[in-house]
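Q: I have a structure open and some terms I do not follow. Can we go through what each word rests on?

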Amino acid sequence: AEVARQAARERFDVLAVAGGDGTVHVVANALAPDFPRTPLAVIPLGTGNDFCRTLNVPLDPAEAVKVLRS
């Protein structure tokens, strides 16, 4: 969470998080005061990946990165 808050303060163009639903939850909550200023990219590495499934993010990490690049 602290790394995400620091990234938001430094105003990166995008913050990518690799993990599962719990990791995405922590980072999204840490960024909440700075949305939409700091876009969040999600690379699914968790067990369930419900967040990615809901948003139709490819569950294969390499495919998710391809989508991010496009």
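Q: Why are L15, V17 and G19 of strand β1 called buried?
A: Buried means a relative accessible area under 20%, exposed means over 50%, and partly exposed lies in between (1.4 Å probe, protein chains only). Along β1, residues 15–19, the side chains alternate: L15, V17 and G19 point to one face and are buried. A16 and A18 point to the other face and are not buried.

Q: What kind of model do these values come from?
A: The model is predicted, so local features need pLDDT of at least 70 and side-chain atom pairs count only at pLDDT 80 or more, while totals for chains, interfaces and linings use all residues. Residues are numbered from 1 along each chain as its sequence is written, and side-chain values use heavy atoms, with hydrogens and water left out.

Q: What makes β1 and β2 a pair?
A: Two strands pair if DSSP finds at least two bridges between them. Strands β1 and β2 (residues 40–44) have five bridges, in the parallel sense, and therefore count as paired. One of the bridges joins G19 to P44 in β2.

Q: How many helices and strands are there, and what makes a stretch count as one?
A: Helices (H or I, at least four residues) and strands (E, at least two) are DSSP runs, numbered from the N terminus. The protein has four helices and two strands. In sequence order the pattern is α-β-α-β-α-α.

Q: Why is N49 called buried?
A: The relative accessible area of N49 is 6%, which is under the 20% limit, so N49 is buried. N49 sits in the loop between β2 and α3.

Q: Which residues does N49 touch, and what counts as a contact?
A: Contact means heavy atoms within 4.5 Å. Leaving out residues up to four places away in sequence, N49 touches G19, G20, D21, P44 and L59.

Q: What is notable about phi in N49 and N56?
A: Most residues other than glycine have a negative phi. N49 is not a glycine, yet its phi is positive, about 55°. N56 also has a positive phi, near 60°, and is a residue other than glycine.

Q: Is N56 buried or exposed?
A: N56 has a relative accessible area of 68%, over the 50% limit, and is therefore exposed. N56 lies in the loop between α3 and α4.

Q: Why is D60 called partly exposed?
A: At 40%, the relative accessible area of D60 falls between the two limits, so D60 is partly exposed. D60 is in the loop between α3 (50–54) and α4 (61–69). D60 and T23 are 37 residues apart in sequence, and their C-alpha atoms are 17 Å apart.

Q: What makes S70 exposed?
A: S70 has a relative accessible area of 79%, which is over 50%, so S70 is exposed. S70 belongs to the segment after α4. From S70 to V42, 28 residues away along the chain, the C-alpha distance is 14 Å.

Q: How do you know that the radius of gyration agrees with a compact globule?
A: The radius is taken over C-alpha atoms, and the globule rule is 2.2 Å times the number of residues to the power 0.38. For 70 residues a compact globule would have a radius near 11 Å; the protein has 12 Å, which agrees. The C-alpha trace spans about 30 × 25 × 15 Å along its principal axes.

Q: What share of the residues is buried?
A: Of the 70 residues, 29% are buried.
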